[in-house]
Amino acid sequence: MDEPHHSPTSWPDARAIAARAAVKEAAHAAPVMRPLSEALGQVLAAPLAALTDLPPFDTSAMDGWALAGPGPWRLPTDEKDQDHGILAGHGEAAALPDGHAVRIATGARVPPGATAVLRSEYGTAAGDGWLHASAAHPVVLGQDIRTRGQECRSGDQLLPAGTLVTPAVLGLAAAAGYDELPTVRRPRVEVLVLGDELLTEGLPHDGRIRDALGPMVGPWLRALGAEVTGTRRLADEADAVCAAVAESSADVVVTTGGTAAGPVDHVHPTLRRLGAELLVDGVAVRPGHPMLLARLAPESRESREGRESRENRESRENPESPQNPEGPDNPEKSETPGPQTRPARHLVGLPGNPLAAVSGLLTLAEPLLRTLTGRPAPAPGPAPLAEAVQGHPRDTRLVPVTFRQDAAVPLRFNGPAMLRGIAVADGLAVIPPGGAKRGTEVEVLDLPWSAIATEQLSYADQTRHADQAHRTPQAGHRTPQAGHRTSQASHRKDRAAGHGDGEDISPEEGPA
C-alpha cells in the first residue's frame, strides 16, 4: 500500500521540533555528581554558587610589607620577623600597631590593623630599623590588599546551569569550595548502520563499498555530548532492524540508511510496527531530505523482561561477544550503574549517503542532543559568502565551506555521497531556497570539533577514543560571534589557500 503523500518539514522547523522533542526527558533527568577530576567537558546541571567568600580573608596581592598608618614605619626587631615575616598558609598574625610594618608574602593573610601593602620594589629598609616608601610611589590606603569577598560572597551565583565545565570552571569551583559538581547525564546513544552492501575493511569490490558512516557517526555524536554505547552493523532484513530498535536500551537510536521508500528501506515499517510517533518525516533540505525523527513507544514489561533474559543468556554463553558486534573496545562505560533497562526514547533516521547523513546529524541529532545535554542553543554565526551559491528551488541547502579572510568559501565536493568537502570544511553554510549571491551573509553551522570538541569530552573520553578521532585543542567555551569568525578565518585561511584556485575551492557543481 502506497504511503500517503506529505510535505516535508522546513529545515528551521525541523531543527526546532528536534530541540523540543526531549524537553520533558531533560527536565526529569537526575544530575550525576562527579569529582572535579572527572567533570571536565561535562555540563553543569545546577547553578554554581560560592560556598565561601573569595578571597576568604584579606590577603596580600604582592610580596612586600604590610603597613599600618602613614610612614615611615618601624620594622620588627625579631630576626625571624625580619627575614620571613607573614607567609601564605599561616593563621592570623598578631595585630599590627600603627606606624609599624612587617614582611608579607603574596597570598598571605593581612594582619589586623594593616592599612596597605607596600611592594618590595617600592620600599627601602636602610638597616636602621625603619622602612621608607619611594617618593615616586606614595602609599594609598588599601593598596595591594585583596579584601575578603572581593571576587564573590558566599552564596553568590558564579555560573548558571548549562555551563560547559572547562579547566577555568574547575579552578573556580575548587576555589569556591567544591569537591564535586552536579552535571547533566549524557544521553546514551546506539548507532545502527544498515546495508548489505557495506564492507568494514579493504577496497570496494563486487558492487560492495566501504562503510564510511560506521567510523564517522559515533565520534560525531560523542563530540555532540552523547555517550555512545556502540555501533552495530545490520543486514537489510526487516525483522533484524525491528528487533534491534525494539531491544535497544539507549535514550536515542541513530540509524543510517533505510529512511526512503525502497524495497529494502525498513526504518519506516519498523516505526509503524513499534507504534512510534513520527515527529519529522522528511525535511526540505539538500542533501539529506529523507531524514526523520521519531518518538518510540514505551517498552512493554513483557518485551523488557524478554530482552533482559536474552541478554543475560547471551552474556553467559559468550562473554567476549556482547550485544555490540563491534566488540568490547568500542562501548563506553555507562554513567548509570546497574542493568540498563531504559527503553529507547527517540530515533533519528539518517540517510545512507555520507554528506546527507552529516546534514541529518546537524539538523536533527544536534538539537535533540543539545536539549538532552543541557547546553544552550548556539547564537547565529553569520558569514559573508565569498562566491555565489546556487540554490534549490524549494529547499534549504547545506554546503560545506571553509573560511578565508573572514568569508565563507564554498567547497566543490558537496554532493550527497561526498565526504571530501566536509573533511576539510570549517562548517556548513545554510543556503536559502533560490540561492545566495556573493557577499550575502548566511548562517554557518560550525562542526563540533572546529571549536568545542575538546571541551565537550573529558580527558578520559579523549584517551579512550584517541584512535577514532583527532581532537584539536581550543581555548575556551565558544560563544559564536564575529570575533570567533575572525580568529577561525585566520586559522584556516592558509590551509584553504593551499588548495589553490582549482579543484577543491570553487562554486558548487549544482544542487545535490
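## Buried contacts, sheets and salt bridges

Ala357 touches Leu213, Leu350 and Pro351, when residues up to four places away in sequence are not counted. The model described here is a predicted one, and within it Ala357 is found in helix H9. The relative accessible area of Ala357 is 0%, so this residue is buried. Its C-alpha atom is separated by 9.9 Å from that of Met216, a residue that lies 141 residues apart from Ala357 along the chain.

### The protein as a whole

The protein contains 13 helices and 27 strands. Of its 512 residues, 47% are buried, and the protein exposes about 24,200 Å², of which carbon and sulfur atoms supply 53%. Among the contacts with a separation of 6 or more, 77% are accounted for by residues that stand 24 or more positions apart.

### An open sheet of three strands

Strands of a sheet pair through backbone hydrogen bonds, either parallel or antiparallel. One open sheet in this protein is formed by three strands in the order E7-E5-E8, and its pairing is antiparallel. Strand E7 (101-104) and strand E8 (116-119) stand at the edges with a single partner strand each, so that one side of E7 and one side of E8 are left without a neighbour in the sheet. On average, and with direction ignored, neighbouring strands of this sheet are turned by 30° against each other. Strand E5, which covers residues 64-67, pairs with E8 in the antiparallel sense over four bridges, and the bridge partner of Trp65 in E8 is Leu118.

### Strand E26 and its partners

Strand E26 (residues 427-431) is largely enclosed by the rest of the structure, because five of its five residues are buried. Both faces of E26 are covered, with Gly427, Ala429 and Ile431 buried on one side and Leu428 and Val430 buried on the other. Strand E24 (residues 396-404) runs antiparallel to E26 and is joined to it by five bridges; here Val401 stands opposite Gly427 of E26. Strand E27 (residues 441-446) also pairs with E26 in the antiparallel sense, over three bridges, and in E27 the bridge partner of Leu428 is Leu445.

### Helix H1

In helix H1, which spans residues 11-21, the buried residues are Trp11, Ala14, Arg15, Ala18, Ala19 and Ala21. Seen down the axis of H1, these buried residues fall within an arc of 160°, and they therefore line one face of the helix. Arg15 also takes part in a network of salt bridges that links it with Glu366 and Arg370.

### Salt bridges

Side chains of opposite charge can pair when their charged atoms come close. The structure holds twelve salt bridges, and three of them are set out below.

| Salt bridge | Closest N and O atoms |
|---|---|
| Arg153 with Asp53 | 3.1 Å |
| Asp239 with Arg273 | 3.2 Å |
| Glu366 with Arg370 | 2.9 Å |

In the salt bridge of Arg153 with Asp53, Arg153 lies in the loop between strand E11 (145-146) and strand E12 (157-159), whereas Asp53 lies in the loop between strand E3 (48-49) and strand E4 (59-60), so the pair ties together parts that are 100 residues apart in sequence. Arg153 has a relative accessible area of 41% and is partly exposed, while Asp53 counts as buried at 10% relative accessibility.

What does the salt bridge of Asp239 with Arg273 tie together? Asp239 forms its salt bridge with Arg273 from helix H6 (residues 238-247), and Arg273 lies in helix H7 (residues 267-273), so the pair ties together parts that are 34 residues apart in sequence. Asp239 is exposed, with a relative accessible area of 56%, and Arg273 is exposed as well, with a relative accessible area of 52%.

Glu366 and Arg370 both lie in helix H9 (residues 354-373), where they are four residues apart, or about one turn of the helix. Are Glu366 and Arg370 buried or exposed? Both Glu366 and Arg370 are buried, and the network that links them with Arg15 includes a residue of helix H1 that is itself buried. Helix H9 is also where Ala357 is found.

Key. Residues are numbered from 1 along each chain as its sequence is written. This is a predicted model: local features need pLDDT of at least 70, side-chain atom pairs count only at pLDDT 80 or more; totals for chains, interfaces and linings use all residues. Side-chain values use heavy atoms; hydrogens and water are left out. Two strands pair if DSSP finds at least two bridges between them. Helices (H or I, at least four residues) and strands (E, at least two) are DSSP runs, numbered from the N terminus. Axes are lines fitted to C-alpha atoms, for helices over the stretch in contact, and angles run from 0 to 180 degrees between N-to-C directions. Buried means under 20% relative accessible area, exposed over 50%, partly exposed in between (1.4 Å probe, protein chains only). The arc is that of the directions from the helix axis to the C-beta atoms. A salt bridge is a side-chain nitrogen of Lys or Arg within 4 Å of a carboxyl oxygen of Asp or Glu. Contact means heavy atoms within 4.5 Å. Accessible areas come from the Shrake-Rupley method with a 1.4 Å probe; for residues, only the protein chains shown count as cover.
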